[in-house]
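This briefing concerns the side-chain contacts and strand pairings of one protein model. It is arranged by topic for reading beside the sequence and the structure.

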Amino acid sequence: MVYFLIALIVFVIDQGTKYLIATRLELAEQIPVIKDFFIITSHRNRGAAFGILEGQQWFFIVITVVVVCGIVWYLNKARKTRKLLPTALALVLGGAIGNFLDRILSGEVVDFLMFNFGSYTFPIFNVADSCIVVGVGLIILDTLLEVKGEQEVTEVKESQEVKEGNE
């Protein structure tokens, strides 16, 4: 249940921050936090990451329902044997549900975190997006660690077989 609690915490923080932005700032209003580098910006996104597939709400709804069902199923399976993967899945789950609710209720996602790197402005994002990205990064890390662990077990078994064959 702790992993579903993590997902719920992500969801609540995401929705709370989006609510504050949507109710306290006008669209396109900006609040500099760290000069021109980090700016809170009221923005709406009708697409996916970086605004791609704008206006494809039914596609997002169907895909999100499938992904959420898959995550819940795999989270229940993985939580018994692994530690990092369920945490990663919980982050993705909370973020996916946060953005899903925005799309269902208003047809758009509230984004507000803007970073500028010199003349380049990174696409504006939100807490849900951040948790999804961190979660996916942890899934990749877990996969790499799992593969490395399996290779080490295989090497130990092969080494033991060679020793036994020489005796």
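Seven aromatic pairs are found in a search of the whole structure, which is a predicted model. Five salt bridges are found by a search of the same extent, covering the whole structure. The points below take up the aromatic rings, the nonpolar patch, the two hairpins, the positive phi angles and the charged side chains.

**Aromatic pairs**

- A pair of aromatic rings is described by the distance of the centres and the angle of the planes.
- Phe37 and Phe117 form an edge-to-face pair, with 5.5 Å from centre to centre and 80° between the planes.
- Phe37 lies in the loop between strand E1 (30-34) and strand E2 (38-45), and Phe117 lies in strand E3 (residues 109-117), so this pair ties together parts that are 80 residues apart in sequence.
- Phe37 is partly exposed, at 33% relative accessibility, and Phe117 is partly exposed at 47%.
- The ring centres of Phe38 and Phe115 are 4.6 Å apart and their planes meet at 10°, so the pair is stacked.
- Phe38 belongs to strand E2 and Phe115 to strand E3, so the pair ties together parts that are 77 residues apart in sequence.
- Phe38 is buried, with a relative accessible area of 15%.
- One aromatic cluster is formed by Phe37, Phe38, Phe115, Phe117, Phe122 and Phe125.
- Elsewhere, a charge meets a ring: the charged end of Arg103 sits over the ring of Phe60, 4.4 Å from its centre.

**Nonpolar surface patch**

- Val33, Ile34, Phe37, Phe117, Tyr120 and Phe122 form a nonpolar patch on the surface, and together they have about 560 Å² of accessible area.
- At least two residues of the nonpolar patch come from E1, and at least two come from strand E4 (120-125).
- Phe117, a member of the patch, lies in strand E3.

**Strand pairings and hairpins**

- E1 and E2 run antiparallel and are joined by four bridges.
- Ile34 has Phe38 as its bridge partner in E2.
- The hairpin of E1 and E2 has three residues between the strands, and Lys35 takes a positive phi near 45° in this hairpin.
- E3 and E4 also run antiparallel, and four bridges join them.
- Phe115 has Phe122 as its bridge partner in E4.
- The hairpin of E3 and E4 has two residues between the strands, and here Gly118 takes a positive phi near 65°.

**Positive phi at residues other than glycine**

- Most residues other than glycine have a negative phi.
- Ala28 has a positive phi of about 75° although it is not a glycine.
- Ala28 is found in the loop between helix H1 (2-24) and E1, and it is exposed, with a relative accessible area of 56%.
- Lys35 is likewise not a glycine, yet has a positive phi of about 45°.
- Lys35 is placed in the loop between E1 and E2 and is exposed, with a relative accessible area of 73%.

**Salt bridges**

- Side chains of opposite charge can pair when their charged atoms come close.
- Asp142 and Arg82 meet through their side chains in a salt bridge of 2.2 Å, N to O.
- Asp142 lies in helix H4 (residues 127-166) and Arg82 in the loop between helix H2 (57-78) and H3, so the pair ties together parts that are 60 residues apart in sequence.
- Asp142 and Arg82 are both buried.
- Arg82 also meets Glu146 in a salt bridge, at 3.7 Å, N to O.
- Glu146 lies in helix H4 and Arg82 in the loop between H2 and H3, so this pair ties together parts that are 64 residues apart in sequence.
- Arg82 has a relative accessible area of 18% and is buried, whereas Glu146 is partly exposed at 34%.
- Asp14, Lys18 and Asp102 are joined into one network by salt bridges that share partners.
- Within this network, the side chains of Asp14 and Lys18 meet in a salt bridge of 2.8 Å, N to O.
- Asp14 and Lys18 are four residues apart in helix H1, which means a separation of about one helical turn.
- Asp14 is buried, as is Lys18.

**A residue of helix H3**

- Val92 has its place in helix H3 (residues 84-106) and is buried, with a relative accessible area of 10%.
- Val92 and Gln57 are 35 residues apart in sequence and 19 Å apart in space, C-alpha to C-alpha.

Technical notes
Residues are numbered from 1 along each chain as its sequence is written. This is a predicted model: local features need pLDDT of at least 70, side-chain atom pairs count only at pLDDT 80 or more; totals for chains, interfaces and linings use all residues. Side-chain values use heavy atoms; hydrogens and water are left out. Rings of Phe, Tyr and Trp (its six-membered ring) pair if their centres lie within 6.5 Å; planes under 30 degrees apart count as stacked, over 60 as edge-to-face and the rest as tilted. Buried means under 20% relative accessible area, exposed over 50%, partly exposed in between (1.4 Å probe, protein chains only). A charge sits over a ring if NZ of Lys or CZ of Arg is within 6 Å of the ring centre and within 35 degrees of the ring normal. Patches are made of residues with over 30% relative accessible area and no salt bridge: like charges are joined within 9 Å, nonpolar side chains (Val, Leu, Ile, Met, Phe, Trp, Tyr) within 5 Å. Accessible areas come from the Shrake-Rupley method with a 1.4 Å probe; for residues, only the protein chains shown count as cover. A salt bridge is a side-chain nitrogen of Lys or Arg within 4 Å of a carboxyl oxygen of Asp or Glu. Two strands pair if DSSP finds at least two bridges between them.
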